[in-house]
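Colleague: I'd like a close look at one part of this model, the helix packing in the second chain. Could you walk me through it slowly and then set it beside the rest?

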Amino acid sequence: MTAIEVREVSKRFRLRGPLLRRGRQPRRETVALDRVSLEIGAGEFVGLLGQNGAGKSTLVRVMTGLLVPDSGTVRVLGLDPNRDQVRNAANIGVTFGQRTQLWWDLRARDSFGILRDMYGLPEPVFVRRMRELDDVLGLSGFWDTQARHLSLGQRVRCDLAAAVLHRPLVLFLDEPTIGLDVLVRSQVRAMLADLARTGDHAIVLTTHDVDDVEALCPRIVLIDRGRPLFDGTLADLTGIGGRSGTVTVELTAGGGGPVRLPGARLLELDGVRATYALDPGVGQEEFAARLLGAGGVRSIDFEGVRLEDVLRSVYAGDHSRLGGPPAPVLPAAPAPP
Amino acid sequence: MTGVARTTAGARTRRAWRAAGATGRAGLRERLADKADFALAIVNGVTYQVTVLLFATVVFTRFPPLAGWTVGQVLLVSSVRLLAHAVFVLGFTNVREIPYLIRQGRFDSFLLRPAPVLLQVCTSRFPLNAVGDLTVAVTSLGVCLSMLRLDWTPARAGFLVLAVASGAVLELALALCTAGVVLLRPGSEALFSWLDTVIGSFGNYPLNVFPAVLRAAFTFVLPVAFVAFYPVAAVLGKADTVPYGPALTLVAPLVALVWLGVGRWAWRAGLRAYRRHGW
């Protein structure tokens with residue numbers, strides 16, 4: 001089932017110039033989204049990546065109904081998030097890392113109570129969910145504190161709990177782990193992984209934290225200058241365009257082990273250490289079998305291509321790793337959560 | 001594919017009111033969080049409105065009756081205006097807080113919750129100063145009615161109540177119009193203060209005392225005169241003394257409803273613009 005459907009969505013922002021010089025200057029516009037199409041199935045966990053200003057947040061704002069596109073259509077569980085704001089709001093949960101949705105002067109627990117009333121949760125269900133969220137996020141240590149007195153980590157955990165309290169079928173998470181320490185970050189990841197395991201929620205995660213993406217997102221959508229550059233799995237992205245992992249093989253001394261083998265290119269030979277680059281399409285198990293079959297191998301150490309490396313080169317303008325020009329976008333097969 | 005949250009109109013209305021109740025209670029709890037702030041907000045409301053009344057009293061006790069309006073009659077105009085304003089503040093004053101709500105990011109969260117945005121705006125913070133406004137307005141109304149010694153008939157009393165309600169609706173309508181403009185253009189937020197000043201400054205006095213251009217402006221452009229002056233003229237039996245004919249003293253409720261329609265349209269247009277361009 002399709003949870004989110006984005007069709008040919010474009011959005012431009014007009015930049016207002018200074019009043020007195022407007023007549024002599026051409027109108028300036030920035031393209032935030034350029035004919036973006038995207039489908040996200042129920043139960044999918046999608047990482048939405050891109051540089052600052054690439055259009056990620058604009059796309060999230062369009063998908064949540066906060067922003068109306070200039071052209072194209074958006075449907076979230078069949079509803080237009082802009083026209084059906086109230087009904088759509090009951091289906092979605094949203095967090096914005098920089099802004100809280102808690103009531104500023106109230107204790108965090110009071111905010112949860114308001115959301116219980118707002119979403120019409122029966123008391124036993126509310127109590128059970130709060131207990132579950134407390135188990136994962138450790139909320140009870142600070143939920144009697146006014147929201148404005150919470151630390152960033154405490155506030156983010158409360159915001160996350162508030163966003164999922166009504167068990168939304170679609171969840172938008174904009175930078176949920178920004179500024180968090182490693183312990184809180186791991187709590188948040190554990191909570192999101194729990195949600196993903198249920199397979200009930202379509203989750204869109206916008207982040208610059210590649211560790212979040214590698215830990216949580218089977219599917220990645222990479223956006224650049226308002227256009228999707230890539231839509232596929234994490235493995236596809238790290239292995240795309242001829243890129244693959246390297247293999248360091250330690251040969252037995254004087255054993256006459258393998259130096260050249262089909263399926264990999266020898267990069268370096270240093271005494272008994274040989275470093276190979278796997279050919280596209282050659283799996284680690286397959287190549288390991290060949291190495292072991294050839295004999296004379298003391299150890300094998302595979303090192304994959306890191307997502308961070310790929311992103312760094314893509315952000316620097318090298319799209320070759322994505323296998324060619326930015327468009328068209330690859331249609332993504334629904335991935336398991 | 002159909003939406004998961006398919007509900008009937010009745011269920012949506014119940015949900016909206018439940019949400020309004022929840023945010024309204026939250027708004028009140030927020031205000032009660034600090035006892036000193038709570039007390040100061042009430043004192044501020046009282047102080048502000050007492051100052052306005054004192055000013056009007058001083059002016060009209062130092063000068064002879066203006067255009068045939070005695071001090072008591074002028075104070076009735078002020079009192080009805082104050083009471084209408086207090087009712088507006090009690091229910092809807094948060095509309096004027098929209099620029100702050102947007103900057104705090106709270107306005108966006110209203111767009112993401114299952115309740116009408118205007119309802120969430122209005123219930124986002126309990127207007128404690130309305131308690132002060134109401135106290136002063138009711139006291140002032142009581143004092144000037146005792147001065148005037150009117151013959152109270154059900155029709156006259158009913159029209160006075162209707163006048164207060166119309167005044168509150170008119171203020172809401174004008175606030176919604178302003179909110180629509182502010183949502184469209186962030187730079188126009190000072191309009192809220194301007195509107196407050198205009199109604200507060202000119203709405204307390206009989207229209208007769210103003211020059212012709214202001215009389216026309218407050219009747220046909222910005223309906224300040226319908227907030228209190230015209231309906232109070234009907235209550236006092238002075239319909240024949242008002243500018244532009246006595247019929248205008250009876251149409252305040254109608255004018256309020258028409259302006260409410262305009263305000264509703266402006267609010268929706270502003271909301272659409274906000275969603276289209278952001279702020």
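Let me start with a pair of helices: do α3(B) and α7(B) run roughly parallel or roughly antiparallel to each other?

Modeller: Before I answer, keep in mind that this is a predicted model. Two packed helices are described by the angle between their axes and the distance between the axes. Helix α3 of chain B covers residues 71-92, and helix α7 of chain B covers residues 129-148. Their axes come within 8 Å and cross at roughly 155°. Angles over 145 degrees count as roughly antiparallel, and α3(B) and α7(B) are therefore roughly antiparallel to each other. The crossing itself is left-handed.

If you want to find that contact on your screen, look at α3(B) for Gly72(B), Gln73(B), Leu75(B), Leu76(B), Ser78(B), Ser79(B), Leu82(B), Leu83(B), His85(B), Ala86(B), Val89(B) and Leu90(B). Facing them from α7(B) are Asn129(B), Ala130(B), Asp133(B), Leu134(B), Val136(B), Ala137(B), Val138(B), Ser140(B), Leu141(B), Cys144(B), Met147(B) and Leu148(B). Sorted by class, this contact has 16 nonpolar, seven polar and one charged residues.

Now stay on α3(B) and look for another partner. Helix α8 of chain B, residues 154-184, also packs against α3(B): the two axes come within 8 Å and cross at roughly 55°. That angle is outside the parallel, antiparallel and perpendicular ranges, and α3(B) and α8(B) are therefore oblique to each other. The α3(B)–α8(B) crossing is right-handed, whereas α3(B) passes α7(B) in a left-handed one.

On the α3(B) side, the contact with α8(B) is made by Val80(B), Arg81(B), Leu83(B), Ala84(B), His85(B), Val87(B), Phe88(B) and Phe92(B). On the α8(B) side, the residues are Ala163(B), Val164(B), Gly167(B), Ala168(B), Glu171(B), Leu172(B) and Ala175(B). They divide into eleven nonpolar, two polar and two charged. Leu83(B) and His85(B) are worth clicking on, as they take part in the contact with α7(B) and also in the contact with α8(B).

From α8(B) you can step on to helix α12 of chain B, residues 252-277. These two pack at an angle of about 20°, with their axes 7 Å apart. That makes α8(B) roughly parallel to α12(B). The crossing is left-handed, and by class the contact has 25 nonpolar, four polar and one charged residues. In brief, α3(B) runs roughly antiparallel to α7(B) and oblique to α8(B), while α8(B) is roughly parallel to α12(B).

Now for the rest, starting with where the chains meet. The contact takes 30 residues from chain A and 29 residues from chain B. On chain A, α2 (85-91) and α3 (108-119) each supply at least two residues of the side that touches chain B. The largest share, six residues, comes from α2(A). That side of chain A divides into 15 nonpolar, nine polar and six charged residues.

Chain A itself is assigned two domains, domain 1 (2-232) and domain 2 (244-303). Their C-alpha centres lie 44 Å apart.

In the stretch of domain 1, there is an open sheet of three strands in the order β2-β1-β4, with antiparallel pairing. The edge strands are β2 (28-41) and β4 (71-76) of chain A, and the twist averages 20° from one strand to the next. Strand β1(A), residues 2-15, pairs with β2(A) over ten bridges; along that pairing, Phe13(A) stands opposite Thr30(A) and Val9(A) stands opposite Val36(A). Five bridges join β1(A) to β4(A), with Val6(A) opposite Val74(A).

Chain A also has an open sheet of four strands, ordered β11-β12-β10-β13 and again with antiparallel pairing. Here β11 (264-270) and β13 (297-303) of chain A are the edge strands. Strands β10(A) (246-251) and β12(A) (273-278) are joined by five bridges, and Val249(A) has Ala274(A) as its bridge partner. Helix α9 of chain A, residues 284-294, packs on this sheet and touches β10, β11, β12 and β13. Its direction makes about 165° with that of β13(A).

Conventions. Residues are numbered from 1 along each chain as its sequence is written. Chains are lettered from A and ligands numbered from 1 in the order in which they are written. This is a predicted model: local features need pLDDT of at least 70, side-chain atom pairs count only at pLDDT 80 or more; totals for chains, interfaces and linings use all residues. Domain bounds come from an automatic or database domain assignment. Axes are lines fitted to C-alpha atoms, for helices over the stretch in contact, and angles run from 0 to 180 degrees between N-to-C directions. Angles under 35 degrees count as roughly parallel, over 145 as roughly antiparallel, 65 to 115 as roughly perpendicular and the rest as oblique. A crossing is left-handed if the near helix is turned anticlockwise from the far one by less than a right angle, and right-handed if clockwise. Two residues are in contact if their C-beta atoms, placed from the backbone, lie within 7 Å. Ala, Val, Leu, Ile, Met, Phe, Trp, Tyr, Cys and Pro count as nonpolar, Asp, Glu, Lys and Arg as charged, and the others, Gly among them, as polar. Two strands pair if DSSP finds at least two bridges between them.
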